[in-house]
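Biologist: I am new to this structure and would like a close look at a single part of it. Please begin with one residue and its partner, and then lead me outward from there.

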Amino acid sequence: MALKSIQRSATVAFAPMAQVMAVGTMAGAIDPSFSSSANLELLKLDFASTDLDMPVLSSAGVPERFNRLSWSNVGAGGLEEFPLGVIAGGLADGSLHFWNPHKLLSEDPADHEIAAVYKNPEAHNGNVWGLEFSPLTPNILASGGEDGALLVWDLSTPSAASTFPPLRGAGESPGISYVSWNRKVQHIVASTSYSGTSVVWDLRRARPVISFTDPTSRRRCSTLQWNPDVATQLIVASDDDRSPSLQVWDLRNSASPIKELVGHTKGVLAMAWCPCDSSFLLTCSKDNQTLCWDTASGEILCEVPAGNNWNFDVQWSPGTPGVLSTSSYDGKINIYNIEACSRTPPSHDSYFGGAVGGREYSTALRKAPKWAGRRNPVTFGFGGTLISMAPKKPSQGATAVPSDIRIQNLLTEEGLVKRSTDFEEAIAGGERSALRNFCESKASAAVSEEDAETWSFLKIMFDEEARKQLLAHFGFSTVDLEKPEEQQEEEPLSEDLASLGLKESSAPVEEPKPAPVISVADDILEGPDDGEDFFDRLETPQTPTEPSAPSVETDDVEESAKEDDEAVTTEPVTEETKDDGDNETDEAIQRALVAGDFKGAVDICLGAGRVADALVMAAVGGTSLWEETQQEYFRRTKRPYLKVVSAVVNNDLQGLVESRPLKAWKETLALICTYARSEDWTNLCDALGARLDAGHNIQAATLCYICAGNIERTVDIWSRTLKSKKGGPEFVDVLQDIMEKSVILGLATGTKQVSTSLARLVCYYAELLANQGLLSTALEYIKLVPSDDSSPELSALRERISHSHQGMFS
């Protein structure tokens, strides 16, 4: 917000020794009242008043409008008639006028008539664009005009000002657009022109000594300023929209500029170097921006609020630090304080908190000006201490006044101090039960469901049977899958069937009977011939309900095979298990069984699609055959739950983690809890967490990383939230949350040191604690960072905290 404002289309000059400002009607600008008159006015700057208006103290008519105004403190040289100096004006008709501001401010109307002490109507042939008093010799004035001539005026006697012979460059004389005196060398002055050539003049030699142009383009030059600190450097700006950068030139090598300040998007119209801090430079441009630069770093420090049109003139107040003026083509003069501008959002939404010309800046002034330096003997010390000095009351007759030195702790983050202290007390004993209780209290007090679930997981990590507790947390009942060794030896087949999800029938399974033909053969060859008893021992075949084939032996075999199938499984008959009536297959299987060739029998069954029969025969044929048949069964069966069984049997939980859908991550984690070996647990949880992180399920990924005890990945996810809160009021609270969770996870996993990637976060937190006076706590966190992995900055912080902590208890 402006300190002062007035409706005028005018160029400005501040009084060097009073709170007064001169304004002259600007040539080429449209007056709000559409008046064609021209005036020189003196305005009062009363910064003690909150009123925006600047009262007009005096006014004088001028025959032509102004291009430039300059105010000199020539009266400081002993001219009693000019206590407020001299005002010089360069007009559009080429004339120069001089006024005595002391007469203009006089209450005697007669003084107003003689205030115009001198005028030269033929000073220049055309507009006077360059006009400036020498800062080292206030009675010397330089002027440059459209005619290309540089005039140097001596105002030792303002009413009879004299001029030296005009100075011109070699060859064609382009119009001079601006002149500027060197701040270090009295007889050096520079001028620039719309033709793009800048010239440095030596008045002792009465000729130009250096001239230079942009080597890349013949750009117009609208203004230039000497560096107040470096006598050989100056800045040249162009009002050409194609080349709006500020070029820094050093005359020791004038072949090309040494640096460019990029920020404006259109041509620069005016420029002013701050007299109270030589690193501050103001520029205004046709892009409606008025920027304040740090010339040392090239950064944009802040933006002055813009109006509805271009600012064509900017000036710093020589007497009041930080005060500046802007004059715009929308007919308004505004007075600002640069520090207040830094707290005002930029006028362009795209630049708010963003970038100008590729350079980021914010509404906060990036650099403290020199005039804001410390005046009182107060300083901050390391560890949140404030050291101040106050003079004691002098004793009678004392020649020197002693001072009291006060050292006090200054807390800026009381919430952080309380939370950190409470947390250290909670974890002081390191007992798992106390840590579980702390996690439970944090989960109960959590604001969000995600935070509550995170603390619940951290609580589970301290349980002796954490994996069973995780299963219970997800709603799965825990079952001891291990059987006693005796039972495993006695029932290998039933255990394998149970692992496949096949239930045993409650009815006893009948042993398959040998085929009658084989029995007869055995009796004939080995047993006695007992006549009818032999036939009595033969079972009478059941009468088929449907016509059967003529062969009795074949019918018996088919019936026996059917009974075998019904006895082996209790599942409903499907296309896979029902008898297809292939007599040749049945006979081949029987022949293989008679010969003890279980492998051949299994292959025949698999070839005929009798997978259940193959499994039963493989169970009798040995471990190797059983495993091969089992794998074939898994390969042929498409039931989803059998993929889980296959992964368990083949110890391929990694493939299960990589293939199961992410939306079923809880069930996948539960499977890992149930079946993973201890040595595989961490890798499997890490793999599931990585998949979830890549799928943007951040909370689920965090919980999986917690299960894996992966502090680095977990804190990396938490740090993403911290970055989004940077600079905000919640930043410290979020940082404290992260450190509490990280320490708890480290205690649960037994990790006593942090990785290099987490070291900076820990050290930043430790420094924050140290600044609040919590040196002991800060030192404990610093110890978590390996000393051999510390950067120089971290090593320095470690040393400072250690020394400060020792100093407190020494």
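Biologist: What relative accessibility does Asp680 have, and what does Asp680 count as on that basis?

Modeller: Asp680 has a relative accessibility of 22% and counts as partly exposed, where buried stands for under 20% relative accessible area, exposed for over 50%, and partly exposed for what lies in between, with a 1.4 Å probe and protein chains only. Before going further, please keep in mind that this is a predicted model, in which local features need pLDDT of at least 70 and side-chain atom pairs count only at pLDDT 80 or more, while totals for chains, interfaces and linings use all residues. Residues are numbered from 1 along each chain as its sequence is written, and side-chain values use heavy atoms, with hydrogens and water left out.

The partner of Asp680 is Arg677, and their side chains meet in a salt bridge with an N to O distance of 3.0 Å; the term stands for a side-chain nitrogen of Lys or Arg within 4 Å of a carboxyl oxygen of Asp or Glu. Arg677 is also partly exposed, at a relative accessible area of 40%. By this rule the count of salt bridges comes to 22, and a few others help to place the pair in context. Lys783 and Glu780 form one of them, with 3.6 Å between the closest N and O atoms; here Lys783 is partly exposed at 49%, and Glu780 is partly exposed at 45%.

Another salt bridge joins Asp241 to Lys286, at 3.2 Å from N to O. Asp241 lies in the loop between strand 19 (233-237) and strand 20 (246-250), whereas Lys286 lies in the loop between strand 23 and strand 24 (290-294), so this contact ties together parts that are 45 residues apart in sequence. Strands here are DSSP runs of E with at least two residues, and helices are runs of H or I with at least four, each numbered from the N terminus. Asp241 is partly exposed, with a relative accessible area of 38%, while Lys286 counts as buried at 17%.

The loop of Lys286 leads us to a sheet, since strands 22, 23, 24 and 25 make up, in that order, an open sheet of 4 strands with antiparallel pairing; two strands pair if DSSP finds at least two bridges between them. Strand 22 (268-273) and strand 25 (299-304) stand at the edges with a single partner strand each, so one side of each has no neighbour in the sheet. Neighbouring strands of this sheet are turned by 25 degrees against each other on average, direction ignored, with axes fitted as lines to C-alpha atoms and angles between N-to-C directions running from 0 to 180 degrees. Strand 22 is joined to strand 23 (residues 280-285) by 5 bridges, and within this pairing Ala270 has Cys284 of strand 23 as its bridge partner.

Salt bridges also occur as a network, which links Arg419, Lys442, Asp733, Asp737 and Glu740. The range of helix 23 is residues 731-749, and its 19 residues reach 27 Å from the first C-alpha to the last, close to the 27 Å expected at 1.5 Å a residue; that expected span is 1.5 Å times one less than the number of residues. Of the 19 residues of helix 23, 15 are buried, so the helix is largely enclosed by the rest of the structure. Just after helix 23 comes Gly750, with a positive phi of about 80 degrees.

A last stop is among the strands of the early sequence. Strand 3 (residues 20-25) has 6 of its 6 residues buried, so the rest of the structure largely encloses this strand. Val20, Ala22 and Gly24 point one way from strand 3, and Met21, Val23 and Thr25 point the other way. Strand 2 (residues 10-14) runs antiparallel to strand 3 and is joined to it by 5 bridges, with Val12 and Val23 as bridge partners, and a hairpin of 5 residues connects the two strands. Strand 3 also pairs with strand 4 (residues 38-44) in the antiparallel sense over 5 bridges, and there Met21 stands opposite Leu43.
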